[in-house]
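Reader: Could you take me through one helix pair in this model, and then stay with one partner and show what surrounds it? Keep it relaxed, but stick to what the coordinates say.

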Amino acid sequence: MRASPAAMLDHLWTWCFRHLGGTPAFRIWGKGRREAAWRQIDVFASARHNLESRWPLWAGSCVTWTAHVIVVGEDFAERLLREQRQSPASRQQPVAVAGGRLSDRQRRLQAGISGPPTASEIMAHECGHTAQARRLGAAYLPVVGAVTLFREGPHWWNHFENEASESGLFGGLVSGSVRADWARYLRD
Ligand SMILES: [Zn+2]
């Protein structure tokens, strides 16, 4: 069966990242709620994405580029690995965004969560974006990239951000995928 142009473009982007970015820091399992199968997603960690300021801008340090590539700050990657050491997510028990929102305090409280989002929840949100990238193909970056700046909210331009938070599932680290220089965060 021939791949669609959208799928081909997604593969091309993913190929470019693998060749420019070298080996990912680690890989994760992720999908949207409506997807049947889990996908392996490369996570690249870059110092340029480190966040000087604190949450809630923290989520800004993650960018989903394709259905198979997420780029995060090194500080975020470290935090995620430390969280996963404490309480690992799995495909059987994936992490979702509490109340389907990273930044709506009321909805999060109703879901029984009073604190700010964890790195694992933010990763679940990014997994929601990978599902959009898969669905929209070539249109993903120009369309979602443009409106992602507006974040979650009640307006039509918040749609992709809301949907990413509602649908994304983070199924944990792919076993054996953590690069040697990152593996120490799983130990100490
Ligand atoms: Zn987002």
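Author: Helix 2 (residues 74–86) packs against helix 4 (residues 119–136) at an angle of about 110°, and their axes are 8 Å apart. That angle falls between 65 and 115 degrees, so the two helices are roughly perpendicular to each other. Bear in mind that this is a predicted model.

Who meets whom? On the helix 2 side you'll find Phe76, Arg79, Leu80, Glu83 and Gln84, and across from them Ala119, Ser120 and Met123 of helix 4. Sorted by class, this contact has four nonpolar, two polar and two charged residues.

Met123 also turns up in the largest nonpolar core, a set of 34 residues. Along with Ile28, Val43, Val72, Ala77, Ala124 and Phe170, Met123 is among those that touch the most other members. Strand 1 (26–32), strand 2 (39–46), strand 4 (69–73), helix 2, helix 4 and strand 5 (168–173) each give two or more residues to this core. Helix 4 gives the most, with six.

Next door in sequence, Ala124 has plenty of company: leaving out residues up to four places away in sequence, Ala124 touches Val95, Ala96, Val97, Gly168, Leu169 and Phe170.

As for helix 4 as a whole, it's mostly covered, with 15 of its 18 residues buried. Its length checks out too: at 1.5 Å a residue, helix 4 should span 26 Å, and its end C-alpha atoms are indeed 26 Å apart. Right after helix 4 comes Gly137, with a positive phi near 55°.

Methods: Residues are numbered from 1 along each chain as its sequence is written. This is a predicted model: local features need pLDDT of at least 70, side-chain atom pairs count only at pLDDT 80 or more; totals for chains, interfaces and linings use all residues. Axes are lines fitted to C-alpha atoms, for helices over the stretch in contact, and angles run from 0 to 180 degrees between N-to-C directions. Helices (H or I, at least four residues) and strands (E, at least two) are DSSP runs, numbered from the N terminus. Angles under 35 degrees count as roughly parallel, over 145 as roughly antiparallel, 65 to 115 as roughly perpendicular and the rest as oblique. Two residues are in contact if their C-beta atoms, placed from the backbone, lie within 7 Å. Ala, Val, Leu, Ile, Met, Phe, Trp, Tyr, Cys and Pro count as nonpolar, Asp, Glu, Lys and Arg as charged, and the others, Gly among them, as polar. A nonpolar core is a set of buried Ala, Val, Leu, Ile, Met, Phe, Trp, Tyr and Cys residues joined through C-beta atoms within 7 Å. A residue is buried if 20 or more other C-beta atoms lie within 10 Å of its own, exposed if 12 or fewer, and partly exposed in between; C-beta atoms are placed from the backbone. The expected span of a helix is 1.5 Å times one less than its number of residues.
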